[in-house]
Amino acid sequence: MFVDEVDIHVAAGHGGKGSLSFRREKFVPRGGPNGGDGGHGGSVFLVADANLNTLLNYRFQKAFEAGRGGHGEGSNRSGKSGGDIDLAVPVGTVVYERRGDDLVQIADLTETGQRVLVAKGGLGGRGNAQFATSTNRAPRRVEPGLPGEEKDLRFHLKLLADVGLVGFPNAGKSTLISRISAARPKIADYPFTTLTPNLGVVSLPGDRTFVVADVPGLIEGAHEGHGLGHRFLSHLERTKVLVHVVDVSSASGRDPLDDFEVIVRELTLFPGRDASGERLADKPAIVAANKTDALDDPSRLERLAAHLQRKRIPLYPVSAVTGDGLTPLLEAVWSEVARQRETPSTPVVE
Ligand SMILES: Nc1nc2c(ncn2[C@@H]2O[C@H](COP(=O)(O)OP(=O)(O)OP(=O)(O)O)[C@@H](O)[C@H]2O)c(=O)[nH]1
Ligand SMILES: [Mg+2]
């Protein structure tokens, strides 16, 4: 099951308290203070794990607590430090902290192995040995341990892909990704076959690779929750290029030009932006006019082509089933991906 948003609670460990103790030895009537310090509380970290692709685990367990620091002891023994905990999250997880009614972004785990501190353990208190001075040789002062940080966090997984496939249900997005990558999503002749996003890696000759995301189809009114709604569009926020998959055969019973415009409108109405403030509708777009093997009425494709030419959007007629036209499409997609990779986006400073 694919889960891309969860709310959890993390608590770092409390620091242990310092010890109050004096040396007691035969023939030493008044031994000096020897109370050790309390151990520090354990901290909570998040670690980006490339083997995870969902936040499903956090559906079942929602509260995590790192270890408490042990109390200090006599003979200057410090308490044990509380154990840290590492919570594994998929690469692409954005972390928000709840502060009152606000959610404030505190981390973005975009690289495998990246580890970030989200709740710091409390310091252990000092034992009385630390308070001895020349004027006070028998201090009775000790410190309690400090509480560890506690936070309410939201994890939001936003997949990291270079290219997003968008289009109506049944347009052939999953067929296309299965044809150009090793991804094997379910394909069927009915709408809403794909219920969660799929990722695939496309490899072109000359070590050129990019990652494609196939997301559930959109329909008119998706921004109002129709169909599966906008729910999965956040997974396209970080893509560099969108490929519109448009069914140009007559099977859909709709007009390809209208289909394209409906999707553009839905993208425009999606509020999400990437780190540079770019909206989905502003991303470079390429149109794959699909199902040309079943093109019974060429005027459907011609009208779409004329429309896109006016809008200066590149069009590639393809058949995801026979493979016709896929090489030129992928080359065009690659060129755009490569161009975007060369112009790093300037993140919005918050
Ligand atoms: N003739 C023909 N049929 C195709 C082509 N591409 C996809 N199809 C068929 O169209 C139907 C839908 O394909 P999918 O790949 O599941 O469509 P999708 O866009 O992923 O659909 P959703 O997951 O519902 O959004 C399937 O029956 C495919 O076999 C094509 O190039 N030519
Ligand atoms: Mg699909």
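For these notes, a residue is near ligand 1 if one of its heavy atoms lies within 4 Å of it. I kept in mind throughout that the model is predicted.

**Shell.** I looked up the neighbours of ligand 1 first. There are 24 residues around it, and Lys 173, Thr 175, Phe 192, Thr 194 and Asp 293 come nearest. Sorting the shell by character, I got eleven nonpolar residues, nine polar and four charged. Which helix gives the most to the shell? I found helix H2, residues 173–180, with three residues.

**Polar contacts.** Next I went through the oxygen atoms of ligand 1. Ala 320 has a polar backbone atom 3.0 Å from an oxygen of the ligand. For Ala 171 I noted a backbone N or O atom 3.2 Å from a ligand oxygen. Ser 319 uses its side chain instead: an N or O atom there is 3.2 Å from an oxygen atom of ligand 1.

**Burial.** How much of ligand 1 does the protein bury? On its own the ligand exposes 650 Å², and 88% of that is buried by the protein. I also checked where ligand 1 sits, and its space is the second largest pocket.

**Domains.** Last, I stepped back to the whole chain. The domain assignment gives domain 1 as 5–157 and domain 2 as 163–342. I wrote down 47 Å between the C-alpha centres of domain 1 and domain 2. Going back to my contact list with those bounds, I place Ala 171, Ser 319 and Ala 320 within domain 2.

Technical notes:
Residues numbered from 1 in each chain as written. Chains lettered and ligands numbered in written order. Predicted model: local features only at pLDDT ≥ 70, side-chain atom pairs only at ≥ 80, totals over all residues. Heavy atoms only, no water. Domains from an automatic or database assignment. Polar contact = N/O pair within 3.5 Å; in protein donor to acceptor, adjacent residues only side chain to side chain. Areas by Shrake-Rupley, 256 points an atom, 1.4 Å probe, with all protein chains shown as cover. 1 Å grid on protein atoms, 1.4 Å probe; cavity = no way out; pocket = protein on both sides within 12 Å on 5 of 7 lines; lining within 4 Å. Sits in = over half its atoms within 2 Å of the grid points. Helix = DSSP H or I, 4+ residues; strand = E, 2+ residues; numbered from the N terminus. Nonpolar A, V, L, I, M, F, W, Y, C, P; charged D, E, K, R; others polar.
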